[in-house]
Every structure is written in C-alpha cells, then in structure tokens.
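Biologist: Please take one part of this model and examine it closely, setting it in the context of the whole chain. A single connected account would serve best.

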Amino acid sequence: MEWKDKPRSTNVEDRRGQSSSGGSGMPGPINIPIGGGSSRGGIGGISLILLVVFFWLRSGLLGGLLGNIFPDANPTNPYQQDSAPQVNTSTDDMGEFAAVNLRFTEDVWGSLFRENNLGSYQPPTMVLFSDYVQSACGTASSAMGPFYCPADGKVYIDLSFYNDLQTKFGVEGHYAMSYVIFHEVGHHVQNLLGVTDKMEEYRRTVSETEYNRLSVRLELQADFLAGVVTRHLQERGDVLSPGDIETAVEAASAIGDDRIQKQSQGYVVPDSFTHGTSEQRVRWFMNGYNSGNFDGANTFNIPYDEL
C-alpha cells in the first residue's frame, strides 16, 4: 500500500499516552473486534445494542432495505460536529498511516454523497488512544477493539490492534488495518443516513435471536462500505499495491463469528452470531468492491439464510 506522502486528515485526536479510568458508563463488554452496536453506544467491540440505517438506492429513494419496518423514514443527518477538527500532530508511522486512511474515506464519501444528492459529507473524528479511552458512549478498553460511537460521531482506535491482527489473527500487511478503519467509518456513514431512534423502538420488540441477526446485517453492510472505499482507491491507481485486496479479504475472514468462536471455544453457535461468518464478511466486502457505490448495500432486504 502506497500511503506515505499522501494527504492526511486533520480530523484526528491523538490521545495516546493520556490516562483514562475504565469502568464507568460501560455495560458488559463483548470482546469481538470490529463490529457490534449500542443504543447511542459504541459500534465496534463495546456492547451489542443495535443501530440500523437505511441506504440510498439507485433510484435515489430510501426504503426497501428493511422492508416496511420504517415506511416513513427519510434521509437525515443527525450528526453535527460540535467543535473544530483536531489537527493530527502525531509523527509516528502508524499515527500518520491512520490519518492518511481517514483522509481516503473523506475523499471517497465526500464524492459519493455529492453524486447521490445526499448533501455534504460530514466526516467523523478519529481518536487514537492507548489502553483505555473515554467516549460519549462510555469508557472502553483496547481489548474491545476499534469502535465507532454514534453519540459523538467519532471512531476510536488503539493502533496496537495492528499487532493483534498479526499475532492473534495471522493477517500481515498494512491494508488489513485499512480495512478496519474503513469498516468503522462505514458505521459513521450509516449514522449519517440513519434512523437510529426508530430502530431503537424496533429493537425492543424483537427476540434476542432476531436482534443478533439484525446486527449481522448491520456489520455486513459496513463491510460492504469498506469494499466501496477499496474500489475507489483501486481506481485512483496510486494507493493499492499487489496483494492489498487479498490482505483485506484475509482480515475480513479472520474476524468472522464462526472462526472466532471455533478458535475460542471449539464450537460455533450460529444464533449468537452478531457480525457474520468469515464467508459472509468476505463476500459482502467484495460486493462493495464490485459495486463501488451504494448499489447492492441492501443487506436488510435479503432473506437471512441468503446473506
């Protein structure tokens, strides 16, 4: 991946080295990297309470992705930045790498929002932290993995997760971390187009199994969006290197629910899946890559056994 000397995002807060006490405002953690959700809580490795959004279809109309659950839904932009962007001052390689990748997403989604008449794209802030961090969704530890907090519109990431991808999941290459960043920013895109309050009402009416299935749909959609960004970087011609797409595929496969459960407990429990199987995550990432736009992102309008 060619990322050095590329423009960097200024929407970065580098909190590494700052202490943050853990334990307040955070329900029981689920230690699954990249994915999950919360009621105005984090989408990432924090707690599993669902946030679901609609996506813009080719016709320019919202709907169909969740059937008739939200027939009166309209595209909204609930997130507003409440402060000026924090200029990234980190000079280490990984800090610069994260800022460059965030800029990639800003360029891609800025263009796609304009092309789809979705207004001006409002990028998230990326918070770099070490060990623990305080967000509007509560206190999180690095063990929970990268996450997105819809309450403050920020992506939180401990860059040591790059080492985890290599040592715990056996995935080498910088583009594995790019996939992680693109996935979390995908949750921000979902938030910008979201029907969060309506989904919260719906969440309280479904069983745990159905709730988990909705979460799988949410996560696969974020994988799709990560694929969209990858497609645009491929078309630029000056970013991706041979093997980068394969690296992203390996990362998506490594964090499938079935693979993680098999490794951690020796067996799988499909009804407890919240992120999707390895095969599903790879397929939806590639669906997004092949699309390059919102077309085909309708994970909520497909029978669950056909995802």
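**A close look at strand 6**

Modeller: In this predicted model, strand 6 covers residues 154-157, and its side chains alternate in direction: Lys154 and Tyr156 point one way, while Val155 and Ile157 point the other way. Every one of these four residues is buried, whichever way it points.

Strand 6 has pairing partners that run in opposite senses. With strand 2, residues 125-128, the pairing is parallel and extends over four bridges. Within that pairing, Leu128 has Ile157 of strand 6 as its bridge partner. With strand 5, residues 147-149, the pairing is antiparallel and extends over three bridges. Here Cys149 stands opposite Lys154 of strand 6. Strand 5 and strand 6 form a hairpin with four residues between the strands, and in this hairpin Gly153 adopts a positive phi near 65°.

The residue opposite Lys154, namely Cys149, also leads to a covalent link. Which cysteine forms a disulfide with Cys149? The partner is Cys137, and the two sulfur atoms lie 2.0 Å apart. This pair joins distant parts of the chain: Cys137 lies in the loop between strand 3 (132-135) and strand 4 (138-141), whereas Cys149 belongs to strand 5, 12 residues apart from its partner. A disulfide is a covalent bond between the sulfur atoms of two cysteines. The structure holds one such bond. Its torsion about the S-S bond is about 95°, and the disulfide is therefore right-handed. Are the two cysteines buried or exposed? Residues under 20% relative accessible area count as buried. Cys137 counts as buried because its relative accessibility is 9%, and Cys149 is buried because its relative accessible area is 0%.

The wider chain gives the setting for this strand. Eight helices and six strands make up its elements, and from the N terminus they follow the order β-α-β-β-β-β-β-α-α-α-α-α-α-α. The chain has 307 residues, of which 58% count as buried. Contacts between residues at least 6 apart in sequence join residues at least 24 apart in 76% of cases. The accessible surface amounts to about 12,200 Å², and carbon and sulfur atoms account for 47% of that area.

Two places among the helices may be set beside the strand. In helix 6, residues 244-254, one finds Thr247. Thr247 counts as buried because its relative accessibility is 11%. Beyond its neighbours within four places in sequence, Thr247 is in contact with Val171, Glu172, Gly173, Tyr175 and Ala176.

Helix 6 is also among the elements that cover the buried residues of helix 8, together with helix 3 (174-192), helix 5 (208-236) and helix 7 (257-265). Helix 8 spans residues 278-291; its 14 residues reach 20 Å from the first C-alpha to the last, close to the 20 Å expected at 1.5 Å a residue. The buried residues of helix 8 are Ser278, Gln280, Arg281, Val282, Trp284, Phe285, Gly288 and Tyr289. An α-helix has 3.6 residues a turn, so residues three or four places apart point the same way. Just after helix 8, Gly292 takes a positive phi of about 75°.

Key
Residues numbered from 1 in each chain as written. Predicted model: local features only at pLDDT ≥ 70, side-chain atom pairs only at ≥ 80, totals over all residues. Heavy atoms only, no water. Helix = DSSP H or I, 4+ residues; strand = E, 2+ residues; numbered from the N terminus. Buried < 20%, exposed > 50% of the residue type's maximum accessible area, 1.4 Å probe, protein only. Contact = heavy atoms within 4.5 Å. Areas by Shrake-Rupley, 256 points an atom, 1.4 Å probe, with all protein chains shown as cover. Pairing = 2+ DSSP bridges. Disulfide = S-S within 2.5 Å. Expected span 1.5 Å × (residues − 1).
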